[in-house]
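Here is a walk through one structure for someone meeting it for the first time. Keep the 3D view open and follow along.

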Amino acid sequence: MSIHLTGKGPQTIAIHAGESPEKQNQASAPNICMSSTFVVDAPISFSAKNIEADTPMIYTRWGNPTIGQLEAKLAALENAESCVAFGSGMAAASAILLSLLSQGDHVVMSNTNYPGTAEVARDTLPRFGIEATTVDTSVLDDVRAAVQPNTRMIWTETPSNPLLRIADIAGLAELAHQNGAILVVDATFATPVATTPLDLGADLVMHSLTKYIGGHGDALGGSVAGRRELTAPLRGEGLIHYGGIISPFNAWLIMRGMATLPLRMRAHQENALKVAEYLETHPRVVRVLYPGLPTHPQHELARRQMKNFSGMISFVTEQPHADAARMMKELEVIHYAVSLGHHRSLIYLMETRDLIGSSYRLDGDELRKYEDIAGEGLFRLSVGLEDADDLIADLGRVLG
Ligand SMILES: *Cc1c(COP(=O)(O)O)cnc(C)c1O
C-alpha cells in the first residue's frame, strides 16, 4: 500500500514520499535502477516536445525510476506540483536561466550570491542577448527600481552566499507578478525545512542537493520545483537537450540523505546557535552574521519567514589571512574546505578581493556596503553535526 501524504508531517514526508515497497520483491528500501535505457512495447516519440507526465520510461536522460522517486520526494517537501532533478546545482541554475529566458529579456538578480550563478548572469547571458541587473535583493525598493518593461525574471538567493542576507520572498513575488515576471528562489542555504518559497508566492525554487538535502558530502545534485508549466521546459531543454541529468546512484544517495533532513536541520540549527553565540563573545572576532542571532540585521524577517535558521554562519576576524593560514594547518575537527550543509563542519575564507573581482564586480556604494560588512574577507562556516563543544574548542585554539 502506498502512503497518502495529505496531512502528514514533514518528517513522515521526508521518509516516505516518493517511495513505496518494491512490487516485485517487497523490498522496504528502494532499489537503485541504473539502467540507461528501457524496453518499450509501442513506438514512442524521441522529441523532447512530446514528453508528458505519463510518457513511459524510454532513456535515463528523459527520466528514470530512481530519479523520479527523488523528484517526487522533493516535490512533496516543497508543496510543488512538479520537480526536476539535475546533475548539480549549477546544472539546475543554468537550465532555469537558459530555458526560460530569451534574447531581449531582462533578469534582476542578487548582486552577491553563489559565484557560479553570478558569473553565468554577468558573462553567459549577455552573449545570448539577455541583460542582467544585479542589486541587493534584500532591499525591495532597489529591486523595484531595477525592474524594466522587459524584466521576465527576478532571481534571489536567501539566505545569500556569503553575507547571509535574507530576501523577503512574499514581497519579491508580489513585485515580480505586478510586472509580469516570475520569481526564482535559490533556497539552498534554507532547505524546505526552513522555508517553502512556493507557499510564499515564488514561481520556482531551486536547490543544490549537494548541500543540506543530500547532507553527507558524497553526491552532487540539483533540483527545481514549481508548476509543471514552468518545469516542463527545464526537463525538455535542461535535461534532454543540455544533458544535465543526475546519476541514478547519486539520486539514491541524496534520497537516503533526505530521510533525515528535518532531524539534521534541527541539530544544525542547535549547533550553529551555540557556535555563533561563542564567536560573538570572542575578542578577536569583529562581526558574526547568523540569521538566528538578534544582532543579524534582518533577524525579524528571518523569524517571520524561516522555521529553522540553518547551520550557516559568516564571521569576520581582525586578521583573516593569518587566521586562514592557521586554520588550514591546525584545525582538527573542522575541515578547511568549500561546500556546505554536510554532517562534517566546513570552513572557508571568502576573500573580498577575489569575489568582487571574479564574480560580483561591485563598485561605488555597492562595493563600500560589501566591504563595510566583510572587510578583507569573511569566514563562511558550515556548522556540522559534531558536538558543539568540540567545534568551539577547535575554533578557540586557532583564534587564540
Ligand atoms: C553550491 C551552490 C550552488 C551550486 O551547486 P552545485 O551542486 O555545487 O553545482 C548553487 N547555489 C548555492 C546557494 C550553492 O550553495
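## A salt bridge to start with

Let's begin with one pair of side chains: Asp136 and Lys369 form a salt bridge, and their closest N and O atoms are 2.9 Å apart. Bear in mind that what you're looking at is a predicted model. The pair isn't on its own, either, since a network of salt bridges links Asp136, Arg165 and Lys369.

## Two domains and what lies between them

Now zoom out to the whole chain. It is divided into domain 1, covering 10-258, and domain 2, covering 261-399. Taken over C-alpha atoms, the centres of domain 1 and domain 2 are 26 Å apart.

How many residues of each domain are in contact with the other? On the domain 1 side there are 46, and they touch 43 residues of domain 2. The size of an interface is often given as the accessible area lost when the parts come together. Here, the area buried between domain 1 and domain 2 is about 3600 Å², and carbon and sulfur atoms give 59% of that. Charged pairs turn up here too: across the interface of domain 1 and domain 2, the rule finds two salt bridges.

## Salt bridges elsewhere

In the whole structure there are 16 salt bridges. One of them is formed by Arg284 and Asp323, with the closest N and O atoms 3.3 Å apart. This pair ties together distant parts of the chain: Arg284 is in the loop between α10 (261-281) and β8 (285-289), while Asp323 is in helix α12 (residues 320-330), 39 residues away. Are these two partners buried or exposed? Both Arg284 and Asp323 are buried.

Other pairs stay inside a single helix. Glu330 and Arg326 form a salt bridge whose closest N and O atoms are 3.0 Å apart. You'll find both Glu330 and Arg326 in helix α12, four residues apart, which is about one turn of the helix. Glu330 counts as partly exposed because its relative accessibility is 33%, and Arg326 counts as partly exposed because its relative accessibility is 33% as well.

Helix α14 has a pair like this of its own. Arg368 and Asp365 form a salt bridge there, with the closest N and O atoms 2.7 Å apart. Arg368 and Asp365 sit three residues apart in helix α14, again about one turn of the helix. Arg368 has a relative accessible area of 48%, so it is partly exposed. Asp365 has a relative accessible area of 60%, so it is exposed.

## Two cis peptide bonds in one loop

Next, have a look at the backbone in the loop between β4 (151-157) and α6 (169-178), which is where Pro159 is placed. The peptide bond leading from Thr158 to Pro159 is cis, with omega near -15 degrees.

Pro162 also belongs to the loop between β4 and α6. Here the peptide bond from Asn161 to Pro162 is cis, with omega near -10 degrees.

## Positive phi without glycine

Which sign does phi have at Ser310? Phi of Ser310 is positive, near 65 degrees, although the residue is other than glycine. Ser310 is in the loop between α11 (299-305) and β9 (312-317). Its relative accessibility is 1%, so Ser310 counts as buried, the cut-off being under 20%.

Arg361 is another case: it is not a glycine, yet its phi is positive at about 50 degrees. Look for Arg361 in the loop between α13 (352-360) and α14 (364-374). With a relative accessibility of 37%, Arg361 counts as partly exposed, because that value falls between the 20% and 50% limits.

## A nonpolar patch on the surface

Last stop: the surface. Which residues make up the nonpolar patch? Ile32, Met34 and Phe249 form it, and the patch has an area of about 270 Å².

To find one of its members, follow the loop between α1 (10-16) and α2 (65-78), where Ile32 is located. Ile32 is partly exposed, because its relative accessible area is 32%. That also explains why Ile32 can be part of a patch, since patch residues need over 30% relative accessible area.

Conventions: Residues numbered from 1 in each chain as written. Predicted model: local features only at pLDDT ≥ 70, side-chain atom pairs only at ≥ 80, totals over all residues. Heavy atoms only, no water. Patch = residues over 30% accessible without salt bridge, like charges linked within 9 Å, V, L, I, M, F, W, Y side chains within 5 Å. Areas by Shrake-Rupley, 256 points an atom, 1.4 Å probe, with all protein chains shown as cover. Salt bridge = Lys/Arg side-chain N within 4 Å of Asp/Glu carboxyl O. Buried < 20%, exposed > 50% of the residue type's maximum accessible area, 1.4 Å probe, protein only. Domains from an automatic or database assignment. Contact = heavy atoms within 4.5 Å. Buried area = accessible area lost by both parts, 1.4 Å probe.
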